[in-house]
Amino acid sequence: MNAKANKNQLTSIEPTYYEAVTEAIRKEAVKILKEETVVGVVGYLPGRRKGTATPALVTSVEEAEKLIFSPACVNNLSVYLTKAKKGVLKQGKVGIVAKGCDMRALAGLMTESQLQREDLFIIGVVCPGVYGFGVERTGTLTEANIARKCRECTVHMPEGADVAAGTHAELADLTPEEAEEMARIEAMPQTERWAFWKEHFSRCIRCMACRQVCPFCYCEQCLCDKNRPQAVESSPRPAGNMAWHLVRAMHLAGRCGGCAECERVCPMDIPLNLLNRRMAKELKELYDYEAGLAPVEKGPLNQYKEDDDQSFIK
């Protein structure tokens with residue numbers, strides 16, 4: 001594997017880097033399956049179309065030898081330990097391939113007692129970035145096709161993993177598009193900001209893809225699905241749409257790991273990660289807290305301290 005890359009000169013991530021990470025993941029997955037350290041490994045397999053990857057649970061050495069890591073490995077795999085694959089944890093220890101943003105989700109789920117660290121074997125990936133939404137998925141990873149979240153990533157290194165695959169490599173001098181967009185929105189008068197979000201939320205079709213892909217939406221029945229009593233209107237109407245997205249943003253405050261999966265899967269291109277990042281900024285300013293960097297006993301919004309800032313109370 002290549003030595004540490006010179007960030008100031010790096011303008012693309014060559015396929016050989018991902019090939020080396022792939023080899024390291026396969027080697028470790030085969031090892032822990034052979035030794036019966038785990039009952040399965042949640043990772044990525046090649047997708048049906050060229051340049052794609054699909055999440056998978058592999059339980060045999062033969063399957064583990066097909067695991068991959070590429071810029072197409074965009075999914076946050078932690079969701080499969082809380083929803084579709086939640087029964088796996090009952091059978092034994094599970095391996096999982098995790099990028100830095102996925103690690104934040106795992107830490108958050110441990111904080112909320114949804115996962116136990118001793119039940120996991122984490123194969124961390126030193127991730128230089130993944131493809132953005134709707135870009136050409138061939139060739140090298142460059143500034144033109146990298147995901148917006150990866151432009152400002154601070155967790156390239158998978159801190160806390162059992163093993164790490166890869167070396168430090170990331171693209172240099174990327175424009176922080178999300179930060180710039182947040183600044184532009186915050187500079188608007190209040191009426192214009194309201195109109196901005198109202199227009200975006202008006203396109204929502206209430207498909208709930210954002211909820212289904214989020215690791216922190218793990219309730220077996222969502223409050224917003226109930227109709228007796230009905231907390232939020234379920235049809236795609238302006239008032240219900242606004243309520244749904246604001247309730248969800250508040251619910252994720254202090255919890256969201258910034259994986260931006262909700263925004264990636266939204267068929268209406270609503271910039272949901274901007275809303276989540278704005279809430280994260282509030283938590284940082286008020287409590288000096290960033291979600292998911294490490295498991296904690298309690299976050300700032302589920303505990304009370306007498307010296308908490310109460311200036312927001314008018």
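In this predicted model, helices α6 and α8 are roughly perpendicular to each other, because the angle between them falls in the range of 65 to 115 degrees. The angle is about 105 degrees, and the axes of α6 and α8, the latter comprising residues 238-252, lie 9 Å apart. On the α6 side the contact is formed by W194, K198, F201 and S202, which face N241, M242, H245 and L246 of α8. Classified by residue type, the contact of α6 with α8 contains 4 nonpolar, 3 polar and 1 charged residues.

Helix α6 also packs against helix α5. Helix α5 spans residues 177-186 and helix α6 residues 190-202; their axes are 9 Å apart and enclose an angle of about 125 degrees. The two helices, α5 and α6, are therefore oblique to each other. Residues E181, R184, I185 and E186 of α5 and R193, F196 and W197 of α6 make the contact. In the contact of α5 with α6, 3 residues are nonpolar and 4 are charged, with no polar residue present.

A further packing partner of α5 is helix α10, which covers residues 272-287. The axes of α5 and α10 are 11 Å apart, at an angle of about 80 degrees. This angle makes α5 roughly perpendicular to α10. From α5, the residues E178, A179, E181, M182, I185 and E186 meet N273, L274, R277, R278 and K281 of α10. The contact of α5 with α10 is made up of 4 nonpolar, 1 polar and 6 charged residues. Residues E181, I185 and E186 of α5 are listed in the contact with α6 and also in the contact with α10.

At the level of domains, the assignment divides the chain into domain 1, residues 15-165, and domain 2, residues 177-287. A distance of 25 Å separates the C-alpha centres of domain 1 and domain 2. The interface brings 20 residues of domain 1 into contact with 22 residues of domain 2. The size of an interface is often expressed as the accessible area lost when the parts come together. For domain 1 and domain 2, the buried area is about 1,900 Å², and carbon and sulfur atoms contribute 50% of this area.

Charged pairs were examined both across this interface and throughout the model. The search of the whole structure yields 18 salt bridges. One pair links distant parts of the chain, with R148 in helix α4 (residues 148-151) and E178 in helix α5, 30 residues apart. The side chains of R148 and E178 form a salt bridge with an N to O distance of 3.9 Å, which is within the 4 Å cut-off. Across the interface of domain 1 and domain 2, 5 salt bridges are found. Residue E178 is also among the α5 residues that meet α10.

Key
Residues are numbered from 1 along each chain as its sequence is written. This is a predicted model: local features need pLDDT of at least 70, side-chain atom pairs count only at pLDDT 80 or more; totals for chains, interfaces and linings use all residues. Side-chain values use heavy atoms; hydrogens and water are left out. Axes are lines fitted to C-alpha atoms, for helices over the stretch in contact, and angles run from 0 to 180 degrees between N-to-C directions. Helices (H or I, at least four residues) and strands (E, at least two) are DSSP runs, numbered from the N terminus. Angles under 35 degrees count as roughly parallel, over 145 as roughly antiparallel, 65 to 115 as roughly perpendicular and the rest as oblique. Contact means heavy atoms within 4.5 Å. Ala, Val, Leu, Ile, Met, Phe, Trp, Tyr, Cys and Pro count as nonpolar, Asp, Glu, Lys and Arg as charged, and the others, Gly among them, as polar. Domain bounds come from an automatic or database domain assignment. Buried area is the accessible area (1.4 Å probe) that two parts lose on being put together, summed over both.
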